[in-house]
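Grab a pen and work through these exercises with the structure open beside you. Each task comes with a step-by-step solution, so try it yourself before reading on.

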Amino acid sequence: MPWTTPSIKISTPSAITQGIRRLSYRQAIYEAQHQLLSTDKRVFLLGEGIDDASGVFGTTLGLTDEFTSQRVVDTPIAENGITGIAMGAAINGMRPILIHMRPDFVIISLDQLLNHAAKWFYMSGGQVSVPLTIRCVIGRGWGSAAQHSQNIQGLLTHLPGLKILMPATAHDAKGLLIAAVRDPNPVVILEHRWLFDKIGHVPEDLYATPIGRANICRYGSDVTIVATSIMVHEAMLAAETLANEDCNVEVIDLRSVKPWDENCVAASVRKTGYLIVADTGHQYGGVAAEITARITELCFSSLRAAPQRITLPEAPVPAASSLEEIYFPGQSDIIKAAKDILSG
Amino acid sequence: MTLPSPDSKTQLALYRQMLLIRHFEQKIVELYPEQEIRTPVHLCVGQEAVAAGVCAHLRDSDTIFTTHRNHGHCLAKGMSLKKMLAEFYGKETGCCRGKGGSMHPCAPEVGILGTSAIVGGGIPIAVGAAWANQMRGIPAVTVTFFGDGATEEGAFHESLNFAALKKIPVIFVCENNLYATASAIGKRQPAAGSIAARAATYGLPGKLINGNDVIEVYLAAGEAVIRAKQGLGPTLIEAETFRWFAHVGPVDDTKTGHRPANELTRWKKKCPIQHLRKALLSKKILTPDDEKIWQKKFDRSFEEALYFAKTSLPSGIEQLTTHVFA
Ligand SMILES: Cc1ncc(C[n+]2csc(CCOP(=O)(O)OP(=O)(O)O)c2C)c(N)n1
Ligand SMILES: [Mg+2]
């Protein structure tokens, strides 16, 4: 699928782009919200400062004017209370999209998110579900530091009851947001700020990217690289370099980190015999830990070397640009891991 | 706005409701030592007037969010006794298929959309559910019951702020029973002002009432319901009351040293049921025969529900991992 191919360089071969509708990741999110607000009366947006002149990095710009402040609601700075309020609206017929500028602020709302939203359907014996969508934007760089650029997917995946999505392309930024709003469960979408200007194919219609399905964005037979969010793009760059050295890696964009597509990853690992997981989060008890453990269980006999994880160091996010540079892993770490794993 | 006193029929209904709640709680006290109810029970004996007085105004389409101490609210809101007891007994016929226990009752058919046992946790959810009604143009009210302890949580303040801001048709009912577990309120909150007074900071009416006087509760709740339905926004009611049993379980916690005995004795004299009973008997609105007939009815329906609960199948393995996701 050309539209899920990450556009690391904006110039994609013209044969693919001709006649194909292209939008940025940011525009794709805007369009999904616009279409959802236009077609579904139950949908409304809420969040801190979502109607201001920056419009959540441009993803909500103008929506208040078009849909009124009744449906695009600026909220008090009260993340836990507002999450509970959004949840209350969700269990009573609405489809709220709650927006946080940073995942770090979600941490304040963990009581309502984990003690309430994630368990409500179960505790009610299957009577009351919580169709709540939470968008949050992963910040990174420019000294955003320890409280403004965390990756919380590992934290959120531990307890049952939440779905967690990490779109890497414009196509999936739209498709997964629509899927989340249609889903009867609480869904958290982690969008990466560095992807907001990435261009990709985005169909005009109101389509959903299926939750729980990965996308193979490069086929290869030598090593499987499973990546999330911006690491998909790093993996695609690494794959190009490795291809020049006769190493053909398969790159899987996980898209949905919970539930995740273990069939897709297992099939790939059975073919290649090698697994590298590149996640934007931390290692301990995180997404990469879960994938390597599960794939080891499923494909033990196919594995020809121990899986490798590319994750953040065991330290909070530092501020200095010299430290940021070494803190966040990138394509060179993936290339090194591939070479290491193949050389045994 | 002052409402006229309720007519004798309504007074009788309020009395009967309190009696029903007391009856239920007494049965639980009797049954609990059998150890077949394997879920913590937070009894509301002594606090019946609040549930009865507030819920008397509500229809099935109105919603309540209660707490760990929910028996009175659920009964007054019309929850099925069978489903409630079956849930206590961990049966798949229970209101939550055995997944909720006593602390998370859910009965959407009568406006109970689920219950949080996190102190203060249900308050914002109630505000959101009420907000949804406002957005959808549904003329229903939502009540959130909570204890004095919950007013120390941020969620309480965040909810008051937002509900006042958006004029949300929600009623905050604080049952101030002067304790959170065994901590007296004086050790937890500054002496200055009441809980009700905190409403003023957020610009909504706050009313401190005698929570053991069901007529007073009924009138205060009635005003709040009218305000909410007229689009005037939320109200905070602080109903002062007292629980007769320990925080959890059928235990006299004055004997365990958790609360002073003389305090309980004083409050027992202010029993909400006796208080109204005297008035109704003297006005000949109530006769001892009425009570006998009701007691028999309560006994019969409780026995039926208990039989249902005890003979239902225990929640089976198929319940274990279902309903994690819708
Ligand atoms: C967030 C949270 N903290 C602590 C508890 C433990 N706990 C359960 S009930 C309770 C006391 C609550 O007091 P109050 O709100 O006054 O209600 P009451 O029990 O008096 O009805 C506490 C501390 C809890 N359930 N949730
Ligand atoms: Mg209390």
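**Exercise 1. Work out what share of the contacts in chain A with a separation of 6 or more comes from residues 24 or more positions apart.**

Solution. This is a predicted model, so everything here is computed from it. Start with the contacts in chain A that have a separation of 6 or more; residues 24 or more positions apart account for 81% of them. Next, look at burial: 56% of the 344 residues of chain A count as buried. Then list the secondary structure, which comes to 14 helices and 14 strands in chain A. Now check the radius of gyration: chain A has 20 Å, close to the 20 Å from the globule rule for 344 residues, so chain A is as compact as a globular protein of that length. Finally, lay the C-alpha trace along its principal axes, and chain A spans about 60 × 45 × 40 Å.

**Exercise 2. Find the sense in which strands β13(A) and β14(A) pair, and the hand of the crossover between them.**

Solution. First, locate the strands: β13(A) is residues 275-282, and β14(A) is residues 308-312. The two pair in the parallel sense, over 4 bridges. For a landmark, pick A:V277, which stands opposite A:R309 in β14(A). Now trace the connection: the chain leaves β13(A), passes through helix α12 (residues 287-299) of chain A and arrives at β14(A), making a right-handed β-α-β crossover. As for cover, 4 of the 5 residues of β14(A) are buried.

**Exercise 3. Decide which residues of helix α14(A) are buried, and what covers them.**

Solution. Begin with a length check. Helix α14(A) runs over residues 331-342, and at 1.5 Å a residue its 12 residues should span 16 Å; the end C-alpha atoms sit 17 Å apart, which agrees. (Remember to multiply by one less than the number of residues.) Next, pick out the buried positions: A:Q331, A:I334, A:I335, A:A337 and A:A338. These cover an arc of only 160° around the axis, so they lie on the same side of α14(A). Turn to the face pointing away from that buried side and you'll meet the exposed residues A:S332 and A:D340. What covers the buried residues? The cover includes β10, α10, β11, β13 and β14 of chain A. One last stop: A:G344 follows α14(A) and has a positive phi, near 70°.

**Exercise 4. Hunt down backbone oddities in the loops of chain A: where are A:S229, A:R255 and A:P259?**

Solution. Take A:S229 to begin with. This residue is found in the loop between β10 and α10 of chain A, and its phi is positive, about 50°, although it is not a glycine. Is A:S229 buried or exposed? The cut-off for buried is 20 or more other C-beta atoms within 10 Å; A:S229 has 27, so it is buried.

Move on to A:R255, in the loop between β11 and β12 of chain A. Here phi is near 60°, again a positive value in a residue other than glycine. Count the C-beta neighbours inside 10 Å and you get 28, so A:R255 counts as buried.

That leaves A:P259, in the loop between β12 and α11 of chain A. The peptide bond joining A:K258 and A:P259 is cis, with omega about -5°.

**Exercise 5. Count the residues of chain A in contact with chain B, and name the helix of chain A that gives the most.**

Solution. Tally both sides: 32 residues of chain A are in contact with 35 residues of chain B. On the chain A side, α5, α6 and α7 each supply at least two residues. The winner is α5(A), which gives the most, with 8 residues.

Now cross over to helix α6(B), residues 154-166. Its buried residues include B:F156, B:L160 and B:F162. Their cover includes α5 of chain A, together with α5, β3, α8 and β7 of chain B. To see one link to α8(B), take B:A199, which is in that helix and touches B:L160, among others.

Technical notes: Residues numbered from 1 in each chain as written. Chains lettered and ligands numbered in written order. Predicted model: local features only at pLDDT ≥ 70, side-chain atom pairs only at ≥ 80, totals over all residues. Buried ≥ 20, exposed ≤ 12 C-beta atoms within 10 Å, placed from the backbone. Pairing = 2+ DSSP bridges. Right-handed = clockwise from strand over helix to strand, strands pointing away. Rg over C-alpha atoms; globule rule 2.2 N^0.38 Å. Contact = placed C-beta atoms within 7 Å. Arc of directions from axis to C-beta. Lists of a residue's contacts leave out its neighbours within four places in sequence.
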